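Okay, thanks for coming, everyone. I'd like to walk you through a structure that's probably new to you, so have a look at it first.

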Amino acid sequence: MSEAAPPVLAVEGLRTRFGAVRAVDGVSFAVARGETLCIVGESGSGKSATALSIMGLIPSGAGIVEGGSILLAGHGELRGLPDAAMADIRGRAMGMIFQEPMTALNPVFRVGAQIAEVMRRHEDVARSAARDRAVELLRLVGVPSPQSRAQDFPHQLSGGMRQRVMIAMAIAYDPALILADEPTTALDVTIQAQILALIDGLKERLGSGIVFITHDLRVVAQIAQQVCVMYAGVVVERAATRALLREPLHPYTKGLMASVPGTRPRGALRRLPAIAGTVPNLARLPVGCRFRNRCPSAFARCAEAEPPLAPPVGGDPDRLVRCWLHAA
Amino acid sequence: MTAPLLDVDDLCVHFPVHRGPLRRRAGTVRAVDGVSLQVFPGETLALVGESGCGKSTLGRAVLNLQPATAGNLRFEGQDLLRLGHTAMKAARKRMRMVFQDPHASLNPRLRAGEIVGEAFTIHGCTRAEREAGVAELLDLVGLGPEHATRFPHEFSGGQRQRLGIARALALHPSFVVCDEPVSALDVSVQAQIVNLLMELQERLGLAYLFISHDLHLVEFIADRVAVMYLGRIVETAPAAALFANPLHPYTSALLAASPSINPDRREAYVAVEGELPSPLNPPTGCAFHPRCPMAIDRCRAEMPPLLAFADGHEARCWRAAENLDASEPVTP
């Protein structure tokens with residue numbers, strides 16, 4: 001990506017721990033304005049913990065962000081900010097969209113009032129003015145007849161409409177950064193396509209940077225400019241979307257891509273190329289490369305030390321891979 | 001032509017809806033409304049559609065787990081809707097189900113061996129038969145005999161789904177309904193389970209009714225596909241024909257909304273407008289017409305029948321023939 005514009009968000013060496021489990025173990029990336037960066041990984045990869053760390057929502061007592069820096073344009077370092085200051089940034093400079101809109105919305109308040117509450121939390125605005133703006137936001141996110149929908153309770157809306165309400169809340173203050181954690185995973189493909197188109201349109205309109213967390217490489221292919229592939233708490237590969245999907249370098253990325261049905265014609269032997277084994281227990285990681293126990297290309301060096309995240313030797317200097325096959 | 005293993009004819013599952021303090025009947029949800037389909041021995045029929053279209057209700061109804069309101073249901077030549085209790089219990093050995101969520105569908109208080117072996121007890125097998133059966137089933141799904149004494153929480157998601165499959169295969173069924181069996185699993189584990197299901201099908205000659213919303217997976221796994229919309233089948237065809245030449249605009253919309261892993265195909269990724277209408281108050285005529293880019297006046301007024309085209313391709317659309325390259329509908 002071009003280095004001209006300073007990034008909206010720059011994460012460097014982020015480390016988050018839940019007890020003995022190092023859920024995020026040195027994650028770095030940057031997002032520019034108008035850019036979508038996808039963090040893709042399976043359960044236990046640390047992708048959601050990364051998002052929660054950026055938002056300052058790691059529950060104290062359960063976990064701790066113990067290292068690294070999180071720089072948000074115009075606000076500086078977020079790590080270590082007091083809760084009150086973080087609460088001001090969330091919802092204003094940083095919009096958040098979660099996976100399950102039914103649990104993220106309060107079931108006993110009308111959705112219009114919940115959107116208005118976001119505004120009343122952040123500025124001194126009359127209740128009626130906030131309500132009017134809530135209706136405007138609902139119109140902006142494509143909710144039909146927003147005036148009457150604003151009077152609905154969350155359970156009266158479909159999953160897609162609830163997710164639109166969440167998005168309306170997230171964009172109330174034209175945030176520079178939108179963090180979306182699996183926002184379409186609970187939705188049907190038809191509604192997923194609608195919501196992804198909406199998020200993409202808003203990105204163009206607001207010029208926000210988007211960090212989009214997903215487990216689905218097909219979603220990545222459709223929306224992202226940049227991709228971080230996470231495995232067991234670390235980024236194993238980072239590249240521009242086209243470069244990554246055309247020529248994945250890390251054996252894990254290759255395995256993930258191959259196991260997606262529809263990437264190759266159905267052969268005589270009706271089998272999907274699967275990755276053997278399961279995601280390792282983060283409290284008992286193997287020594288060396290975290291993926292080596294499942295890796296078809298593992299060799300002696302993989303057990304000795306963890307490979308660094310570095311440009312592939314003799315390859316594209318704009319991409320990074322954490323694998324001894326591509327390291328010096 | 002071989003006889004179908006499962007023959008569903010004009011099956012309906014209607015749910016009454018009651019409202020108000022007197023619980024007056026306020027309407028009917030026609031979750032499954034006149035569905036006919038056949039599953040042949042050893043084949044995979046995939047059932048696809050959005051949530052709320054009735055695909056899971058249909059999956060339960062063909063196993064007679066959900067009583068049908070009307071219609072006919074024949075399995076291995078027997079009329080399931082008119083079987084007595086004993087005969088139904090015997091038929092259940094031959095038709096089983098794999099559930100979506102391996103966390104919710106396994107009893108957390110039972111050990112793996114008890115979960116897999118329950119069917120042997122219910123059907124009066126001896127303890128020795130049961131123990132041999134459990135060991136064989138665990139081996140069949142890639143688990144070891146040492147797993148029999150563990151509880152569900154000690155397994156990973158993929159292993160739990162292997163247990164769910166082992167349970168379904170007890171007592172040699174010929175037909176298994178798989179209701180979204182991999183959608184709760186991680187991508188890399190999904191492939192393992194899909195492969196296991198295909199391998200078992202080849203070894204044991206199983207027929208699957210494979211319920212899924214993932215069209216790419218369906219294209220890979222299915223021999224034939226039925227597309228459901230608001231309680232009815234709107235298109236059915238051999239998998240290759242359906243994906244090469246969808247005749248119903250809803251099928252085309254589902255395909256366009258299924259993201260491709262190719263980043264150069266973003267132009268083709270298009271969202272169909274609107275959402276599934278309320279099944280309490282379905283649209284007149286063709287249920288898809290409010291969202292359909294091809295809708296004409298006739299679609300608003302009249303429900304189209306399933307029109308038959310070449311090679312077992314059927315579509316419930318007045319304009320289906322226009323989507324076909326160059327042939328006329330055969331008489332429905």
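I'll start with how confident the predictor was, then go to the contact between the chains, and end with a sheet in chain B.

So, first thing: this is a predicted model. The scores are ipTM 0.85 and pTM 0.89. For chain B, the mean pLDDT is 92, with 97% of its residues at 70 or more.

Now, the contact. How many residues does each chain put in? Chain A gives 37 residues and chain B gives 34 residues. On the chain A side, helix 8 (189-206), helix 9 (217-223), helix 10 (241-246) and helix 11 (251-258) each bring at least two residues. Helix 8 of chain A has the largest share there, with six residues. And if you sort that side of chain A by class, you get 17 nonpolar, 13 polar and seven charged residues.

Okay, over to chain B. Here you'll find an open sheet of eight strands, and reading across, the order goes 6-7-8-3-9-10-12-11, with mixed pairing. Which strands stand at the edges? That's strand 6 (95-98) and strand 11 (307-308) of chain B; each has a single partner strand, so one side of each has no neighbour in the sheet.

Let's zoom in on one pair. Strand 7 (residues 175-179) and strand 8 (residues 207-212) of chain B run parallel, paired over five bridges. In that pair, F175(B) sits opposite A207(B) of strand 8.

Last thing: look for helix 1 (residues 55-62) of chain B. Helix 1 lies across strand 3 (44-48), strand 7, strand 8 and strand 9 (224-229) of chain B, at about 155 degrees to strand 8.

Key
Residues are numbered from 1 along each chain as its sequence is written. Chains are lettered from A and ligands numbered from 1 in the order in which they are written. This is a predicted model: local features need pLDDT of at least 70, side-chain atom pairs count only at pLDDT 80 or more; totals for chains, interfaces and linings use all residues. Two residues are in contact if their C-beta atoms, placed from the backbone, lie within 7 Å. Helices (H or I, at least four residues) and strands (E, at least two) are DSSP runs, numbered from the N terminus. Ala, Val, Leu, Ile, Met, Phe, Trp, Tyr, Cys and Pro count as nonpolar, Asp, Glu, Lys and Arg as charged, and the others, Gly among them, as polar. pLDDT is the predictor's confidence in each residue, from 0 to 100. Two strands pair if DSSP finds at least two bridges between them. Axes are lines fitted to C-alpha atoms, for helices over the stretch in contact, and angles run from 0 to 180 degrees between N-to-C directions.
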